[in-house]
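Colleague: Please show me the model, and then let me put some questions to you about its parts.

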Amino acid sequence: LQPWPTAYTNRLREGRPPVRMVITQSQPTEVPVGENPPGTLRTESSNKRLLVATGDYFLEILELQPAGGKRMPASSYLLGYPIQTGDTLGEGHTPA
């Protein structure tokens, strides 16, 4: 069964096709986004926390399901799919 509600988005990586993912658990943080535009991805705590920039603060993604994959903790996702500078979440086009 698919938990509900969920959020759907695409991971955008320069030079690669978008990868759809379902975000099944997240939580707000008190980490300010600074100059990062909404959708910017970054990691913290030695690549164990996956954060996405929102309006003022980062949102921590706790659990997700990549297209064609199983639900997993974000820390497990990061082991196989590390975040690169410039990676974002958003609509289905790659960043310029």
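The questions and answers below go from strands to cores, rings and one loop residue.

Colleague: What kind of model is this, predicted or not?
Modeller: Residues are numbered from 1 along each chain as its sequence is written, and side-chain values use heavy atoms, with hydrogens and water left out. Local features need pLDDT of at least 70, side-chain atom pairs count only at pLDDT 80 or more, and totals for chains, interfaces and linings use all residues, the model being predicted.

Colleague: How many bridges join β3 to β4?
Modeller: Strands (E, at least two residues) and helices (H or I, at least four residues) are DSSP runs, numbered from the N terminus. Two strands pair if DSSP finds at least two bridges between them. Strand β3 covers residues 41-44 and strand β4 covers residues 49-53, and the two run antiparallel. One bridge partner of β3 residue T43 in β4 is L50. The number of bridges joining β3 to β4 is four.

Colleague: Which residue in the turn of the β3 and β4 hairpin has a positive phi?
Modeller: Four residues lie between the two strands of this hairpin. The residue in question is not a glycine, and its phi is near 55°. It is S45.

Colleague: Is S45 buried, partly exposed or exposed?
Modeller: Buried means under 20% relative accessible area, exposed over 50%, and partly exposed in between, with a 1.4 Å probe and protein chains only. S45 is in the loop between β3 and β4. Its relative accessibility is 47%, so S45 counts as partly exposed.

Colleague: Which element supplies the largest share of the largest nonpolar core?
Modeller: A nonpolar core is a set of buried Ala, Val, Leu, Ile, Met, Phe, Trp, Tyr and Cys residues joined through side-chain atoms within 4.5 Å. The largest one has twelve residues, among them M21, L50, Y77 and L78. At least two residues each come from β2 (19-32), β4, β5 (57-66) and α1 (74-80). The largest share, three residues, comes from α1.

Colleague: How are the rings of Y77 and Y81 arranged?
Modeller: Rings of Phe, Tyr and Trp (its six-membered ring) pair if their centres lie within 6.5 Å; planes under 30 degrees apart count as stacked, over 60 as edge-to-face and the rest as tilted. By this rule there is one aromatic pair. The ring centres of Y77 and Y81 are 4.9 Å apart and the planes are at 25°, so the pair is stacked.

Colleague: Which of these counts as buried, Y77 or Y81?
Modeller: Y81 has 42% relative accessibility and therefore counts as partly exposed. At 3% relative accessibility, the residue that counts as buried is Y77.

Colleague: Over which ring does the charged end of R42 sit?
Modeller: A charge sits over a ring if NZ of Lys or CZ of Arg is within 6 Å of the ring centre and within 35 degrees of the ring normal. The charged end of R42 is 4.7 Å from the centre of the ring, which belongs to F58.

Colleague: With which side chain does the side chain of D87 make a polar contact?
Modeller: D87 lies in the loop between α1 and β7 (88-90), and at 3% relative accessibility D87 counts as buried. A polar contact is a pair of N or O atoms within 3.5 Å; within protein, one must be able to donate a hydrogen and the other to accept it, and residues adjacent in sequence count only if both atoms are side-chain atoms. A polar atom of the D87 side chain lies 2.9 Å from the backbone nitrogen of Q84. The side-chain partner, at 2.6 Å, is R11.
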